[in-house]
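Biologist: I would like to learn how to read this structure. Could we begin with the ligand and then turn to the backbone?

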Amino acid sequence: MTDRQLRWGILGTGLIAAAFTADLALTDSGVVAAVGSRSQTAADRFASEHGVARAHASYESLVNDPGIDVVYVATPHPMHRDNAILALEAGKPVLVEKPFTMNAAEAREVVTLARERRLFAMEAMWTRFLPHVAVVRDWLAQGTLGEIVTVSADHGQWFAEDPQFRLFAPALGGGALLDLGVYPVSFASMVLGSPSRIVAISDPAFTGVDAQTSMLFGYQSGAQAVLTCTLRAKSPTRAAIVGTDARIEIDGAFYAPATVSLIPRDGEPTVVRSDHRGRGLRHQADEVTSRLAAGELESPLMSLDETVAIMETMDTVRAQAGGRS
Ligand SMILES: NC(=O)c1ccc[n+]([C@@H]2O[C@H](COP(=O)([O-])OP(=O)(O)OC[C@H]3O[C@@H](n4cnc5c(N)ncnc54)[C@H](OP(=O)(O)O)[C@@H]3O)[C@@H](O)[C@H]2O)c1
């Protein structure tokens, strides 16, 4: 992989597979070369809707396609581990949808295999690669905030109560924390690292998965994070990083392209407005292309150790809150 476009193989044909493919058309870093499904019908439908050259009737056939450079795992969370391992064992680098796996033990298995095989792997935590998050990272690196005191972030969406729907179905890894809560947890991790204290509560949905989970994290530095997620209501989806000298506020939805403000304790705010084209999924694809071209095995912006640490944090949240692990 050097100066040509990365050839993506899309594993799964659902909602995010379609959104990722549409966003990839907005960058010249890669093209979708093939799609794989559990059925030929779904693969053919996806290929014809998105102009994809090859449609495979199994995930095995997709990962063994010699015409793809990288596999994007876009299946429900409980399948991420097996699907990522399938791709790695076929010698293909992987971008794995969030959450990386169901828990930290599964994440470690995937990471261990990727490292053994010396293949690139990354969690598709697309927020990390968005332009406004790069601005946030710059402000943090410059020490503009002083000492960080609190981080807050929420992610609430309203969903009709359908037991078949992925977010409510236990067999499909349903629940607020893994699907929505991973964004606030990952955001806090980017800013403050891993918490040393975790307090969490959950309440179940009608299917038993967590409908709502709220978390308090404490850090060695004395900082605290207040994070929440719910499947029951559309929340402001804002985030803030509050420091002794200034604070950063990210407009909703903080995890998607957004306007960000730096507000000093005294003085005028700096506002960086978003004029983003597309949904924002292409930046992670650009990152994969750059890292592969450089011969690197992971991204420092979303490292595998941090992905495992985030899964460990969410394991602890679920143990604390009484949810399934
Ligand atoms: N980055 C984001 O903004 C974002 C947004 C939504 C979802 N996601 C993540 O992407 C993953 C997929 O979510 P989605 O909303 O795209 O799900 P979805 O619409 O239900 O699609 C999932 C796809 O996975 C495949 N699959 C394999 N085993 C399956 C099973 N037992 N039941 C159902 N489908 C199965 C299916 O493709 P075939 O039938 O073709 O094999 C299906 O189309 C989740 O992990 C989620 O967290 C990320």
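**Reading the ligand site and the backbone**

Modeller: Keep in mind that this is a predicted model. Let us start with one contact: a nitrogen atom of the ligand lies 3.1 Å from an N or O atom in the side chain of tryptophan 126.

Biologist: How much of the ligand's accessible area does the protein cover?

Modeller: On its own the ligand has 900 Å² of accessible area, and the protein covers 82% of that. The ligand takes up the space of the largest pocket.

Biologist: How should I read a polar contact, and which part of lysine 98 faces an oxygen atom of the ligand?

Modeller: Look for a pair of N or O atoms within 3.5 Å. In lysine 98 a polar backbone atom is 2.7 Å from a ligand oxygen. Threonine 13 uses a polar side-chain atom instead, 2.4 Å from an oxygen atom of the ligand.

Biologist: Which residues around the ligand come nearest?

Modeller: There are 23 residues around the ligand, and the nearest are Thr13, Ser37, Tyr59, His77 and Lys98. By type, the shell divides into ten nonpolar, seven polar and six charged residues.

Biologist: Which helices supply at least two residues of that shell?

Modeller: Helix H1 (15–24), helix H4 (77–89) and helix H7 (176–192) each do. The largest share, three residues, is from H4. In terms of domains, at least three shell residues come from domain 1 (6–126) and at least three from domain 2 (131–275).

Biologist: Now the backbone. Where are the cis peptide bonds you would point out?

Modeller: Read the omega angle of the bond. From lysine 98 to proline 99 the peptide bond is cis, with omega near -15 degrees. Proline 99 belongs to the loop between strand S5 (94–97) and helix H5 (104–117). Glycine 252 and alanine 253 are also joined by a cis peptide bond, with omega about -5 degrees. Alanine 253 sits in the loop between strand S12 (246–250) and strand S13 (260–264).

Biologist: What is the sign of phi in arginine 118, positive or negative?

Modeller: Phi of arginine 118 is positive, near 55 degrees, in a residue other than glycine. Arginine 118 lies in the loop between H5 and strand S6 (121–124).

Definitions and conventions:
Residues numbered from 1 in each chain as written. Predicted model: local features only at pLDDT ≥ 70, side-chain atom pairs only at ≥ 80, totals over all residues. Heavy atoms only, no water. Near = heavy atom within 4 Å. Polar contact = N/O pair within 3.5 Å; in protein donor to acceptor, adjacent residues only side chain to side chain. Areas by Shrake-Rupley, 256 points an atom, 1.4 Å probe, with all protein chains shown as cover. 1 Å grid on protein atoms, 1.4 Å probe; cavity = no way out; pocket = protein on both sides within 12 Å on 5 of 7 lines; lining within 4 Å. Sits in = over half its atoms within 2 Å of the grid points. Helix = DSSP H or I, 4+ residues; strand = E, 2+ residues; numbered from the N terminus. Nonpolar A, V, L, I, M, F, W, Y, C, P; charged D, E, K, R; others polar. Domains from an automatic or database assignment.
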